[in-house]
Amino acid sequence: MSPSLPRYRSADWDEPVVLELGRPGRRGIYAPQVEDDVAADVDALLPPGVRRTTPPALPELSEFEVQRHYNHLSQMTLGMMGINLFGTCTMKYNPRVNERVVARPELAEVHPQQDPSTLQGILEIVHAFEGILQELSGMDRFVFQPGGGADAAYTHACITRAYHASRGELARRTEVITTIQTHPCSPATAAAAGFDVVTLPLGPDGYPTLESLKAAVSDRTAALMVGNPDDMGVYNPEMKEWVRIVHEAGGLCFYDHANFNGVMSRIRARELGFDACMYMLHKTFAGPKGGGGPAVGAYGCQPELVPFLPRPLVDLHDGVYGLDEGDERSIGRVREYWGNVPVVVKAYSWVRALGAEGIRQAADLSVIANNYMETRLLQIRGVSKSHPHLTQHRLEMTRYSLEQVHADTGIDVHDIQNRMVDFGVDAPWLAHEPWLIPEPITPEAGETWSKEDIDTWIDVLAEVVREAYEDPETVRTAPHNHAIAQVQAGGVDDPERWATTWRAHVRKRASA
Ligand SMILES: Cc1ncc(COP(=O)(O)O)c(C=O)c1O
């Protein structure tokens, strides 16, 4: 092993689940006695049918025990802790300072049901951030309610339905057109909203041909839902013409801008003619990803779609911020209140820290980092890229294929993922389904990682590929340096064995 590669071994605690820890009566926090003037007879407030008769069986632990437990678990995690070049939608570092900003009591201790006159500061931030996205996209209004990128795509599918219904055309406009390399959330949400999905295959240039689009578009077309560049890193330069063709047929055009990072401040959805677009604040704008929990898919649209937006929107009249609840044309809420406002504040903090110049620089850096990475990765034995005949530079990501490594050694991309984590770096993301090229991996550096970190990650991949050729058994049986060995996924298919709650686990363990 090269001396420059990281040496790593994870901690391996014999850690019970939290429900098995603690002792009755142990406490982490003692709540103060309720003051007389706010005390209430809680029992009288609750109907007898919903009152508990026995206390909940919760673990009782001291603060330190809780902290130690979660520290132990974090030391055994398999990912998101090392150098993390996770592609197809930029996963970037979440600056700590933003956590301090949102923890300020003016932001953390307010509630959206307060009177807006007492929420002027936070409304100002939401309004100002909307202004920044308007500038970046050219769209007229933005809403932050969708709880992620897929939720913003769903918002668009519902708005498409409402828009065509308002024109008496919904019965006829039953089809949403997408492309095989657009993220699966576009076809999935179009189908969930009741549309038939027409998926265009790739042409020789790495994106569907104009002819295939023309053949698919008709007076049944309700919308086009696409991403560009796609998550293979290929940019479709004919997109303006695509939008024109779909508009001519009366359809709406939605831009999944999840791959905005490499084109920030260089491409505006409006200039390409789109009616709506989506940005991911939990990815491109440095908010935490958190598995879809604290996410925000910012959905923006042109004036003709604004009446259909989920409400409320934040407005400014005569120097006072207020909430515009819209009218019956709104599709209704897709999430509670104004969405996950702390993530909006973090995104605002991030763009204000960078400024207009900084955002452009971040986009450029992410493209340079990707192309640096591409040059080095393609020198590794058995590594090729998708559509190798396309010579123009990819933007912020490139999809690679380890097909040759697999053919030569029998080692597949899952084995490679499992072995890479042995070096303390995060495994690469492969590709969304369907895989368009065999044995794919999609690393993306963004602007976050230093050249040294990128080099380390590439060195690890090169080492694992070398092992695949020279010592495949080590790769096939990885990970070796983790508390968690290969997951035997068999139990996941067996409803008698899997348990999604503690109670189900205890019941199934007892009967096993
Ligand atoms: C291009 C693209 N669009 C949409 C999504 C969906 O985003 P989210 O995970 O926030 O729902 C992703 C996430 O992988 C993506 O890569």
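**Figure 1. Met91 and its surroundings in the predicted model.** Met91 is located in the loop that connects α2 (63-75) with α3 (96-103); helices are DSSP runs of H or I with at least four residues, strands are runs of E with at least two, and both are numbered from the N terminus. The model is predicted, and local features therefore need pLDDT of at least 70 and side-chain atom pairs count only at pLDDT 80 or more, whereas totals for chains, interfaces and linings use all residues. Residues are numbered from 1 along each chain as its sequence is written, and side-chain values use heavy atoms, with hydrogens and water left out. Met91 counts as buried, because its relative accessibility is 11%; buried means under 20% relative accessible area, exposed means over 50%, and partly exposed lies in between, with a 1.4 Å probe and protein chains only. Apart from residues up to four places away in sequence, Met91 touches Asn84, Phe86, Lys283 and Lys289, where contact means heavy atoms within 4.5 Å. Between the C-alpha atoms of Met91 and Ala192 the separation is 27 Å, and these residues are 101 residues apart along the chain.

**Figure 2. The ligand and its shell of 14 residues.** The closest residues around the ligand are Thr88, Gly149, Asp256, Met280 and His282; a residue belongs to the surroundings if one of its heavy atoms lies within 4 Å of the ligand. By class, the shell comprises five nonpolar, six polar and three charged residues. In this scheme Ala, Val, Leu, Ile, Met, Phe, Trp, Tyr, Cys and Pro are nonpolar, Asp, Glu, Lys and Arg are charged, and the others, Gly among them, are polar.

**Figure 3. Polar contacts of the ligand with Thr88, Gly149 and Asp256.** A polar contact with the ligand is a pair of N or O atoms within 3.5 Å. An oxygen atom of the ligand lies 2.8 Å from a backbone N or O atom of Thr88. A polar backbone atom of Gly149 is 2.7 Å from an oxygen atom of the ligand. Asp256 takes part through its side chain, with an N or O atom 2.6 Å from a nitrogen atom of the ligand. The ligand taken alone exposes 390 Å², of which the protein buries 85%; accessible areas come from the Shrake-Rupley method with a 1.4 Å probe.

**Figure 4. An open sheet of three strands.** The strand order is β10-β11-β12, with antiparallel pairing; two strands pair if DSSP finds at least two bridges between them. β10 (384-385) and β12 (440-441) are at the edges and have a single partner strand each, so one side of each lacks a neighbour in the sheet. Strand β11 (residues 400-401) pairs with β12 over two bridges in the antiparallel sense. Tyr400 is opposite Ile441 in β12.

**Figure 5. Backbone geometry in loops.** The peptide bond from Glu433 to Pro434 is cis, with omega near -5°, and Pro434 is in the loop between α12 (413-420) and β12. A cis peptide bond also joins Ala478 to Pro479, with omega near 0°; Pro479 is in the loop between α14 (472-476) and α15 (502-511). Ser265, a residue other than glycine, has a positive phi near 70° and is found in the loop between β5 (252-256) and β6 (276-280). Ser265 is partly exposed, with a relative accessible area of 23%. Asp318, which is not a glycine, has a positive phi of about 50° and lies between β8 (313-317) and β9 (320-324) in a loop. Asp318 is exposed, with a relative accessible area of 82%.

How values were computed
A polar contact is a pair of N or O atoms within 3.5 Å; within protein, one must be able to donate a hydrogen and the other to accept it, and residues adjacent in sequence count only if both atoms are side-chain atoms.
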